[in-house]
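Biologist: Can you take me through this one? I'd like to go through it piece by piece.

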Amino acid sequence: MELRHLRYFLAVADEGHFGRAAEKLHIVQPALSAQIRSLEEELGVTLFVRSTRKVELSDAGRILLIEARRTVEQAERAKSVMRRAARGETGVVRIGFVGNAVAAGRLSDDLLAFHAAWPDVAVELHEMASAAQMEAILAGRLDVGYCPQLGRPLPAGLQARPAGSWHWEVAMGARHPLAARRSLRVSDLLEQPFIVYAGDGDEGQLPMLCQLLGGEPRIAYKVGSTMSVLALAAAGLGLALVPTPLRKLALPNLVYRRLAERSPLVSELAAISRAGDEWGAVRRYLDLLDG
């Protein structure tokens, strides 16, 4: 039984006449009669009681009428939902992010703009390390990721859009001896223990820190989240090199100090997505990023 058979059946039931139903369906009457007979044979019942003047539903036809209307209405709803999804009016966009994307305001700005344009699209947020985001995007578990760019090439199948660039600052405990200074020189950081964000492995922040210091840094802790980095720094267990937007996170016992020398090294944020065609709500979100 095909959906068109149910539509033919409903047309005859509504019109009570094969000729008028055929006109409504824009087919010839013999073809309509043949389709109804085929449906009756398939179901093994008589759906209409025919006379020379009118066509009435049989008992079996009245039962089918209820189910046919439900089925056709559901099919129309499904068609409408899919059309809206294809236009990006509904659906879900799954987004990964690091703490810097929130502190910088970039993620919230993008979400505000997207919700204003497409209010019926749901958004799922997942805080995770950059490497985990990239893996999830390639596997189809995420659609977009806000990741720091640390000079590494992207895995095949991914593309990046610039999402922000900031200078580095030093976060430390308020009782740290260096906290008494208004700004720091790179020479002040030598031999100091560091807390590094290790969510991306040693190939992440460490090479940049080595380049900044001109040698291997002393690593006190490697942690997997921005808040862990800041918590350990606030406890006085080491220095943390963080992007300027994290200064907005005013945590107890934590202070931020700028570097006196302007290093060419910067913290860059990128919006990562799959390389290739996306559709629906994800396409709308990427269009917003491109705009």
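Biologist: What follows α10, and what is the sign of its phi?

Modeller: Gly 236 follows α10, and its phi is positive, near 80°. Keep in mind that this is a predicted model.

Biologist: Which residues of helix α10 are buried?

Modeller: Helix α10 covers residues 226–234, and the buried ones are Thr 226, Val 229, Leu 230, Leu 232, Ala 233 and Ala 234.

Biologist: And what do those buried residues of α10 pack against?

Modeller: They pack against one helix label, α5 (99–103), and against the strands β7 (168–173), β9 (193–197), β10 (218–223), β11 (240–243) and β12 (254–259).

Biologist: New topic. How many aromatic pairs does a search of the whole structure find?

Modeller: The search finds 3 aromatic pairs. One of them is Phe 9 with Phe 48: the ring centres are 5.3 Å apart and the planes are at 45°. That angle is neither under 30 degrees nor over 60, so the pair counts as tilted.

Biologist: Where do Phe 9 and Phe 48 sit in the chain?

Modeller: Phe 9 is in helix α1 (residues 3–15) and Phe 48 is in strand β1 (residues 48–50). They are 39 residues apart, so the pair links distant parts of the chain.

Biologist: Are Phe 9 and Phe 48 buried or exposed?

Modeller: Both Phe 9 and Phe 48 are buried. They also belong to an aromatic cluster, together with Phe 18.

Biologist: What kind of aromatic pair do Phe 114 and Tyr 285 form?

Modeller: Phe 114 and Tyr 285 are edge-to-face, with 5.0 Å from centre to centre and 65° between the planes. Phe 114 is in helix α6 (residues 106–117), while Tyr 285 is in helix α11 (residues 280–290). Those positions are 171 residues apart, and the pair links distant parts of the chain.

Biologist: Why do Phe 114 and Tyr 285 count as buried?

Modeller: Buried means under 20% relative accessible area. Phe 114 has 1%, so it is buried. Tyr 285 has 0%, so it is buried as well.

Biologist: Back to helix α1. What is His 5 in contact with, leaving aside its neighbours within four places in sequence?

Modeller: His 5 is in contact with Gln 35 and Leu 39. His 5 lies in helix α1 and is buried, with a relative accessible area of 7%.

Biologist: Where is Thr 90?

Modeller: Thr 90 is in the loop between α4 (59–86) and β3 (91–97). Its relative accessible area is 17%, so Thr 90 is buried. Leaving aside neighbours within four places in sequence, Thr 90 is in contact with Val 81, Arg 84, Ala 85, Asp 120, Val 121 and Ala 281.

Biologist: Now the surface. Which residues form a nonpolar patch there?

Modeller: Met 1, Leu 43 and Val 45 form a nonpolar patch, with about 240 Å² of accessible area together. Leu 43 lies in helix α3 (residues 29–43). Leu 43 has a relative accessible area of 36%, so it is partly exposed.

Biologist: Last topic, cysteines. How many disulfides does the count come to?

Modeller: The count comes to 0 disulfides. A disulfide is a covalent bond between the sulfur atoms of two cysteines.

Biologist: Are Cys 147 and Cys 210 buried or exposed?

Modeller: Cys 147 is buried at 0% relative accessibility. Cys 210 is buried too, with a relative accessible area of 18%.

How values were computed. Residues are numbered from 1 along each chain as its sequence is written. This is a predicted model: local features need pLDDT of at least 70, side-chain atom pairs count only at pLDDT 80 or more; totals for chains, interfaces and linings use all residues. Side-chain values use heavy atoms; hydrogens and water are left out. Rings of Phe, Tyr and Trp (its six-membered ring) pair if their centres lie within 6.5 Å; planes under 30 degrees apart count as stacked, over 60 as edge-to-face and the rest as tilted. Helices (H or I, at least four residues) and strands (E, at least two) are DSSP runs, numbered from the N terminus. Buried means under 20% relative accessible area, exposed over 50%, partly exposed in between (1.4 Å probe, protein chains only). Patches are made of residues with over 30% relative accessible area and no salt bridge: like charges are joined within 9 Å, nonpolar side chains (Val, Leu, Ile, Met, Phe, Trp, Tyr) within 5 Å. Accessible areas come from the Shrake-Rupley method with a 1.4 Å probe; for residues, only the protein chains shown count as cover. A salt bridge is a side-chain nitrogen of Lys or Arg within 4 Å of a carboxyl oxygen of Asp or Glu. Contact means heavy atoms within 4.5 Å. A disulfide is a pair of cysteine sulfur atoms within 2.5 Å.
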